[in-house]
Amino acid sequence: MIVDVHTHTPYGRHAAPAGRPPARPDRADSGAVSPDEFLRAMEPVDRVIVFGIAPLPPGDPAAPAVPQEASAPTARDGNEATAALVRTKPDKLIGFMSVHPRDPHLFEEIDRSVGDLGLRGIKLGPNYQNFDPLGADAFRLYRRAQELRLPILFHQGTSAMAAADLDYAHPRHMDRVATAFPDLKIVLAHMAHPWQVDCIAVIRKHPNVWADISGLHYRAWSYYNCLRLAAEWSVLPKLLFGSDYPAAASPAETADALTRVNDILDGTRLPRVPVDELQEILHRNSLSLLGLA
Ligand SMILES: [Zn+2]
């Protein structure tokens, strides 16, 4: 079984009208796709976790860290779009909600997303959503997620968007979150690149914290480093397969790159990433680890 733990609902900047020519598969930012293209890209995968990212709540005084068109107008709209996509392939797709910790209707939207929409986890991007991942509002959200057994996937690591606060996406903060909420299941996206060493330090010590490998393989040396360091620190079993489609590559491209991570070592004596463990990442049953099986 192959599980892709990280894909985006095609809306906002990821949306394309139906019937549009397919996005180039070799592009890093394949950008906008239609729901049909999204489902086609998911054909090689057995189960898929899909989500949007909630914007700032209306009237919130903070500056938006990402262009407004990057997300649905409200958290509610985004969660509706995710649920609508999941309804087209309910045996394959698992929807996560996205919410904003400062939303005055936060708990209402969580309850609606679980009860009415059937969404089963939460996606957060503290840097994109401009909130402190260690702040009181965020902790209130984590507490509720832990109570409801909703796993949280956090965007972690750098972003090219100038207004997206780097520190809010640093994985060292997740150590305190995981310590405060030991039963909360957490996924750190992108191995928090380029802070993969810090990511490894966090996933190594917390049984309920994992990292996904999405969006890494474009940088061959960084990618090798991520996986080789994970091997040396014995955390390859804590890595989950994810593509970040359509923001990044398709699952097929991501799986192909995973099998070729050692290719850059030809002609060197550098240590290889164990190939059998790479296959284990690809076939890991992430749903059972996250309590979603
Ligand atoms: Zn993503």
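Q: How many disulfides does a search of the whole structure find?
A: Keep in mind that this is a predicted model. To count as a disulfide, two cysteine sulfur atoms have to sit within 2.5 Å of each other. Searching the whole structure for such pairs, the number found is zero.

Q: How far away from Cys199 is the nearest cysteine sulfur?
A: Cys199 is in no disulfide. The cut-off for one is 2.5 Å between sulfur atoms. For Cys199 the nearest cysteine sulfur belongs to Cys226, and the distance is 7.9 Å.

Q: Is Cys226 buried or exposed?
A: Cys226 isn't in a disulfide either, with the sulfur of Cys199 as its nearest cysteine sulfur. A residue is called buried when its relative accessible area is under 20%. Cys226 has a relative accessible area of 1%, so the word for it is buried.

Q: Which residues are the protein donors of the zinc ion?
A: Let's look at the metal site. The donors follow the spacing H-x1-H-x235-D along the chain, so we want two histidines and an aspartate; a donor atom has to be within 2.8 Å of the metal. The protein donors here lie 2.1 Å from the zinc ion, and they are His6 (NE2), His8 (NE2) and Asp244 (OD).

Q: Why is strand S1 largely enclosed by the rest of the structure?
A: Strand S1 covers residues 3-8. His6 and His8 are both buried. Strand S1 is largely enclosed because, of its six residues, the number buried is six.

Q: Which residue in S2 stands opposite His8?
A: Strand S2 runs over residues 47-51, and S1 pairs with S2 in the parallel sense over four bridges. Opposite His8, in S2, stands Phe51.

Q: Why is the pair of Phe51 and Phe96 tilted?
A: Let's stay with Phe51 and look at its ring. Phe51 is buried, and so is Phe96. Planes under 30 degrees apart would be stacked and over 60 edge-to-face, with the rest tilted. The ring centres of Phe51 and Phe96 are 6.2 Å apart, and the pair is tilted because the planes are at 35°.

Q: How many residues apart in sequence are the parts that the pair of Phe51 and Phe96 ties together?
A: Phe51 lies in strand S2. Phe96 lies in the loop between strand S3 (93-95) and S4. The pair therefore ties together parts whose separation in sequence is 45 residues.

Q: How many aromatic pairs does the count come to?
A: Rings pair if their centres lie within 6.5 Å. One of the pairs is Phe38 with Tyr245, whose centres are 6.1 Å apart and whose planes are at 45°, so the pair is tilted. By this rule the count of aromatic pairs comes to seven.

Q: How many residues apart are Phe38 and Tyr245?
A: Both of them are buried, Phe38 as well as Tyr245. Phe38 is in helix H1 (residues 35-41), while Tyr245 is in the loop between S9 and helix H9 (251-259). The pair links distant parts of the chain, and the gap is 207 residues.

Q: Which strands are the edge strands of the six-strand open sheet?
A: The order in this sheet is S4-S5-S6-S7-S8-S9, with parallel pairing. An edge strand here pairs on one side only. That gives strand S4 (97-98) and strand S9 (239-240).

Q: Which residue in S6 stands opposite Leu124?
A: Strand S5 (residues 122-124) and strand S6 (residues 152-154) pair in the parallel sense over three bridges. Across from Leu124, the S6 residue is Phe154.

Q: Which residues do ring pairs link with Phe154 into a cluster?
A: Now follow the ring of Phe154. Ring pairs connect Phe154 into a cluster. Its other members are Phe139, Tyr142 and Phe181.

Q: Over the face of which residue does Lys238 lie?
A: Lys238 is one of the residues in contact with His206. A Lys counts as sitting over a ring if its NZ is within 6 Å of the ring centre and within 35 degrees of the ring normal. For Lys238 the distance to the ring centre is 5.7 Å, and the ring is that of Trp210.

Q: How far apart in space are Leu258 and Leu278, C-alpha to C-alpha?
A: Leu258 is found in helix H9, and it is buried, with a relative accessible area of 1%. Leu278 is among its contacts. In sequence the two are 20 residues apart, but in space the C-alpha to C-alpha distance is 6.7 Å.

Notes
Residues are numbered from 1 along each chain as its sequence is written. This is a predicted model: local features need pLDDT of at least 70, side-chain atom pairs count only at pLDDT 80 or more; totals for chains, interfaces and linings use all residues. Side-chain values use heavy atoms; hydrogens and water are left out. Donors are N, O and S atoms within 2.8 Å of the metal (3.2 Å for Na, K and Ca); water is not among the atoms, so sites may look incomplete. Buried means under 20% relative accessible area, exposed over 50%, partly exposed in between (1.4 Å probe, protein chains only). Helices (H or I, at least four residues) and strands (E, at least two) are DSSP runs, numbered from the N terminus. Two strands pair if DSSP finds at least two bridges between them. Rings of Phe, Tyr and Trp (its six-membered ring) pair if their centres lie within 6.5 Å; planes under 30 degrees apart count as stacked, over 60 as edge-to-face and the rest as tilted. Contact means heavy atoms within 4.5 Å. Lists of a residue's contacts leave out its neighbours within four places in sequence.
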